[in-house]
Amino acid sequence: MQTVDILREASNRIFENVKNLAGTEHAAGDFGIGAGGDISRNIDIVAEKTVLDYLKEINFECIVLGEECGRVELSDNPKGFIIMDAIDGSANAVRGIPFFCSSLAFATENKLSSITDGVITNLANGEMYWASKNKGSFFNDQQIRVRSNDPIYKIVGVNISGASDNLVKRVLPIFEKHEHLRHFGANALEMAFFARGLLDIFIDLREKIRIQDIAAGYLIVKEAGGLLLDADLNPLDADLSYETRISFIAASNQKILDEIMSLIDQ
């Protein structure tokens, strides 16, 4: 079985185990602070256990880097790293807002740039986004690309949740110049929407994003032809450490990147 198929099967199992849990009183609970720094909720724990149980069942030799569980070594001779945010958008999931996902990626080394496979599943409806390196990105079984032509409505994604005063001031011109701004509350799924051409650019300059949030989206965006850059407009890369926090810009083309960055830096 190919690695991407393993990630897809794990994602399907998460969907089956949590689809009736979101928005119920059993979704929440306080299980302490997870490895990623947020409070672990019951739905997070159920989803992570689903993946770990499956990887053990098939004896997949790897090191799991989980948002809640932390580093779990499933082999003394691992093939690489499974980077797991089993529930991205936990607040939405707990409240029953139908925008949350699972994000699973496989990396051969301790760098984002070594990711070879990624899967993001919309856990509100089971729709799946996936990619393997040099093989393209897919939505279910249809190949996807970032938007290449000018849309009727230009959709700009901006995440400023918990942003500093300085960052809010920097991005304020975007709010003034663009009428269709979006942030739905699950970065991984928003990156998948971007890769599918539903957003034209997605910006998160807060220096708060963890590797688990972005790993699968990183590959899906790149394989869909998107530009993926850091805050200095260099190609995005980072190590897989739990201490790593990043900013990123995903742009469908150089034209919209230049347009948006000219507003930020004016």
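Start by selecting β3 together with strand β4 (residues 101-107): the two run antiparallel and are joined by six bridges. Keep in mind that you're looking at a predicted model. To see the register, pick Ile 82, which sits opposite Phe 106 in β4.

Now turn to the other neighbour. Select strand β1 (residues 63-66), which pairs with β3 in the parallel sense over four bridges. Leu 65 is a handy landmark here, standing opposite Ile 83 in β3.

How many of the eight residues of strand β3 are buried? Colour residues 81-88 by accessibility and you'll find that eight of the eight are, so the rest of the structure largely encloses this strand.

Next, hop over to the open sheet of five strands. Walking across, you'll meet β10, β9, β11, β13 and β12 in that order, and the pairing is mixed. The edges belong to β10 (181-182) and β12 (227-229); each has a single partner strand, so one side of each has no neighbour in the sheet.

Zoom in on the β12 edge. Strand β13 (residues 246-251) runs antiparallel to β12, with three bridges joining them. Click Leu 229 and look across to Ile 249 in β13, which stands opposite.

Last stop: the helices on this sheet. Show helix α4 (residues 165-177), which lies across β9 (156-158), β10 and β11 (201-209), and runs at about 170° to β11. Then add helix α7 (residues 254-264). What does α7 lie across? Its strands are β9, β11, β12 and β13, and its angle to β11 is about 50°.

Note on methods:
Residues numbered from 1 in each chain as written. Predicted model: local features only at pLDDT ≥ 70, side-chain atom pairs only at ≥ 80, totals over all residues. Heavy atoms only, no water. Buried < 20%, exposed > 50% of the residue type's maximum accessible area, 1.4 Å probe, protein only. Pairing = 2+ DSSP bridges. Contact = heavy atoms within 4.5 Å. Axes fitted to C-alpha atoms, helices over the stretch in contact; angles between N-to-C directions.
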